[in-house]
Amino acid sequence: MKINEVESLVGITKKNIRFYEAEGLLAPRRNSENGYRDYGDEDVAALQRIKLMRKLGLPLEDIRQMLSGAHTVGDGMRRHLVTLERERQNLDAAAKLCGELADCQERLADLDADALLTQMAEMEQSGTTFQNKQSQDIRVRYVAPVVVTVLMVLLMLGLIWLFLWAFETDPAGAPPLPLLSVFIAVPAVMALGVIVSLVQRIREIGRREIDDAKQF
């Protein structure tokens, strides 16, 4: 089967399938004639198992251990139940605090946030974990592509400066102006292409396409 057929059959997007392949959870055979991935019934069954485990909220590492046979289903579920129980306790604590605030008639501007944060800090010392949306707002995923783009653009600009410096230092020994223009245009186009790729990547991240697999 081709990846489009598997996508339709299992209900997992192509991005998800490739994500699981990159994570080593799936290893389809390659067609010797064209090099394309050739998915079989065993790959479909593996994807269905992965989809089931992801819907139950198991992390990829636990699924990997179960697929490899290092852990049984029971092993994975017992570990996951501990996590779910911890999350339930955290949600119960958060729900209790939200319930107390539900009767609050104050405006947010008048709320004694310091006292509540102190109360939450005491609860955290007792083992409660609250969702920190502030940290989630920091898009760490943007850092890597931005850094790579900046470094690449700086490299290309450095090459352009080097060509211009060489031309200015020794005009007689420099290549003809048309050829020099080509030497300058190539890194300039590459820098522009990297910037365009960064913009597209940021849009991808904004649409959360790279997080599709986390929905399963």
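## Exposed, buried or in between

A residue is called buried when its relative accessible area is under 20%, exposed when that value is over 50%, and partly exposed in between. Keep this in mind as you explore the structure above, which is a predicted model.

Let's try the idea on Val146, a residue of helix α8. Its relative accessibility is 32%, so Val146 counts as partly exposed.

## A nonpolar patch on the surface

Val146 also belongs to a nonpolar surface patch of about 650 Å². Its partners there are Val143, Val147, Val150, Leu151, Leu154, Leu157 and Ile202.

Which helix gives the most to this patch? That is helix α8, spanning residues 143-169, with 7 residues.

## Looking at cysteines

A disulfide is a covalent bond between the sulfur atoms of two cysteines. How many disulfides does a search of the whole structure find? The count is 0.

Two cysteines let you practise the accessibility classes again. Cys98 has a relative accessibility of 51%, and therefore counts as exposed. Cys104 comes out at 28%, so this residue is partly exposed.

## The largest pocket

Rolling a probe the size of a water molecule over the atoms shows where empty space is left. In this model, the largest pocket holds about 400 Å³ of space. It is lined by 16 residues, and those closest to its centre are Ala94, Met120, Thr129, Phe130 and Gln131.

Where does the lining come from? Helices α5 (73-102) and α6 (113-125) each supply at least two of its residues. The most comes from α5, with 7 residues.

Conventions. Residues are numbered from 1 along each chain as its sequence is written. This is a predicted model: local features need pLDDT of at least 70, side-chain atom pairs count only at pLDDT 80 or more; totals for chains, interfaces and linings use all residues. Side-chain values use heavy atoms; hydrogens and water are left out. Patches are made of residues with over 30% relative accessible area and no salt bridge: like charges are joined within 9 Å, nonpolar side chains (Val, Leu, Ile, Met, Phe, Trp, Tyr) within 5 Å. Accessible areas come from the Shrake-Rupley method with a 1.4 Å probe; for residues, only the protein chains shown count as cover. A salt bridge is a side-chain nitrogen of Lys or Arg within 4 Å of a carboxyl oxygen of Asp or Glu. Helices (H or I, at least four residues) and strands (E, at least two) are DSSP runs, numbered from the N terminus. Buried means under 20% relative accessible area, exposed over 50%, partly exposed in between (1.4 Å probe, protein chains only). A disulfide is a pair of cysteine sulfur atoms within 2.5 Å. On a 1 Å grid over the protein atoms alone, a cavity is a set of points where a 1.4 Å probe fits but cannot get out, and a pocket is an open set with protein on both sides within 12 Å along at least five of seven lines; lining residues have an atom within 4 Å of a point. Grid points are joined across faces, edges and corners, and a volume is the space filled by probe spheres set on the points.
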